[in-house]
Amino acid sequence: MRIIIIGGVAAGTKAAAKAHRVDPNNEIILYQDEAEVSYSACGLPYVISGVIDDERKVVIRQPEDFAKEGIQVFIRHRVTHIDTARRQLTVKNLITHVDAVVDYDRLILATGACPIVPNVEGITLEGVLTLRNISDLTRFKTVLTTFLPKQAVIIGAGYIGLELAEAFHELAIKITIVEKAARILPKFDAEMAQLVHDHLLENQVKLVLGDGLAKLHGENGKVTAIETESGKMIPADLVVIAIGVKPNVELAKAAGIELGSTGAIAVDSRMETRIPGVFVAGDCCETVNRVTGMPIWMPLGDIANLQGRVAGENVAGGNAHFPGVFGTAIFKTFNLTVAITGLSEQAAQESGFEPVSIVMKGSDRARYYPGRQEFTLKLIADRRDGRLLGAQVIGCGTVDKMVDIAATALLGKLTCADLENADLAYSPPFSPVLSPVIVAAGILN
Ligand code: FAD
């Protein structure tokens, strides 16, 4: 059987490796339009800041590594058309510009997502960048080393914008963040997002909220300032557009593959589309929110890997299922770790739950133990049955551990009463005697 995979970053390469493990007798071909395959986009902000000293470290595997396993990877090859009736696709060699028509038995689309770029005046000026892939990283490095920027404007206060704010601070570049919404981090409840807002101000980041990008001004082809919708001029020799991403669905749409209500490709729990033999994984497809049961689009690297594994198993004849997500996510900006799982209180209300919540300070070691760090924890539960609905944790120390405990509790559909009596690991260097999650659940119960 010939299996073809379109897209070779997280979901596509994971699917290829899994399909090969399930049945090494299949012919597996992966087409990737970029020059690189199998890299970690998540590591890119840290290459820019210099925390990761060599960009090659974020490229995990080369086409030769896949070839050793019998997986054929063609870089700089773009699939331009899929004929699902004939089970054929057209692929363009981006170097020779020659098209080839190739037969397949089964297909996986792992075409990912790309940054949303507003169509405003000046958007093509030098020094205006997005960050998604290795080519973008190369452009960043050129701008940083040749223009030596002093003032950056980041359009968008999502996690990529905030990770980049820290990176630019490390490079002694002044930062203004322009965000169209009235506050940063809309997935978090307002009082939690405010903690990050305050931390950014403490680190000399200027915030312009409730205002969008109207146009970019430049001289000699290089950006010099941005103008906001309210007419504010902000000088800038580096502008990053970080207003979000959209799923790459054009190829699927043209092939008659159905999209879901979120605009990403619709799949069943086997990661199969409504066209038998055509599977999808990663940022180009939607999934299910496991708290609400509703469709959700959650473009994250861990999810792309999990889905790639399921699609890879099934394309090779297996019967694995992907149950959906809780939207667990974490990032770091300056000295704060910012994490969320499940629903915010606002989202819980909007989804028809009756949320109750607690916001409290917690710490990651016994009160008397050196090196103790603090964070703020918010737990949200349903008043009717005590079931945990979500958690947000912001601060220093083991924020990741708190959010992962909460995510696991969501997985088990635990109530606050269940969590209150969980015997989690305790010793003074690792935790207070009762984990802050246990304490918060006890208060909510
Ligand atoms: P993509 O990474 O988008 O890869 C799809 C590939 O397919 C692309 O190379 C694309 O060019 C190629 N392609 C598309 N169409 C075709 C075609 N027709 N023919 C051939 N090739 C095609 N996630 C986290 O969970 N945690 C993080 O900390 C995190 N940090 C991030 C930081 C940054 C700066 C960025 C940009 C992303 C981050 N992410 C993070 C998100 C994560 O990187 C993505 O969720 C992940 O890369 C998705 O993988 P994917 O394979 O689905 O799609």
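Me: Two residues are in contact if their C-beta atoms, placed from the backbone, lie within 7 Å. On that basis, what share of the contacts between residues at least 6 apart in sequence joins residues at least 24 apart in this chain?

Reply: In this predicted model, the share is 63%.

Me: What makes the radius of gyration of the chain agree with that of a compact globule?

Reply: The globule rule is 2.2 Å times the number of residues to the power 0.38. For 445 residues this gives a value near 22 Å, and the chain has 23 Å, so the two agree. The C-alpha trace spans about 65 × 60 × 40 Å along its principal axes.

Me: What percentage of the residues of the chain count as buried, and by which criterion?

Reply: A residue is buried if 20 or more other C-beta atoms lie within 10 Å of its own; 43% of the 445 residues count as such.

Me: How do you know that β13 and β14 pair?

Reply: Pairing requires at least two bridges found by DSSP. Six bridges join β13 to β14 (residues 222–228), so the criterion is met, and these strands run antiparallel. Within this pair, Leu213 of β13 stands opposite Thr228 in β14.

Me: Why are β13 and β15 called edge strands?

Reply: The open sheet has three strands in the order β13-β14-β15, with antiparallel pairing. β13 (213–219) and β15 (233–235) each have a single partner strand, so one side of each is left without a neighbour in the sheet. From one strand to the next, the twist averages 30°.

Me: How many helices and strands does the chain have?

Reply: There are twelve helices and 25 strands in the chain.

Technical notes: Residues numbered from 1 in each chain as written. Predicted model: local features only at pLDDT ≥ 70, side-chain atom pairs only at ≥ 80, totals over all residues. Helix = DSSP H or I, 4+ residues; strand = E, 2+ residues; numbered from the N terminus. Axes fitted to C-alpha atoms, helices over the stretch in contact; angles between N-to-C directions. Buried ≥ 20, exposed ≤ 12 C-beta atoms within 10 Å, placed from the backbone.
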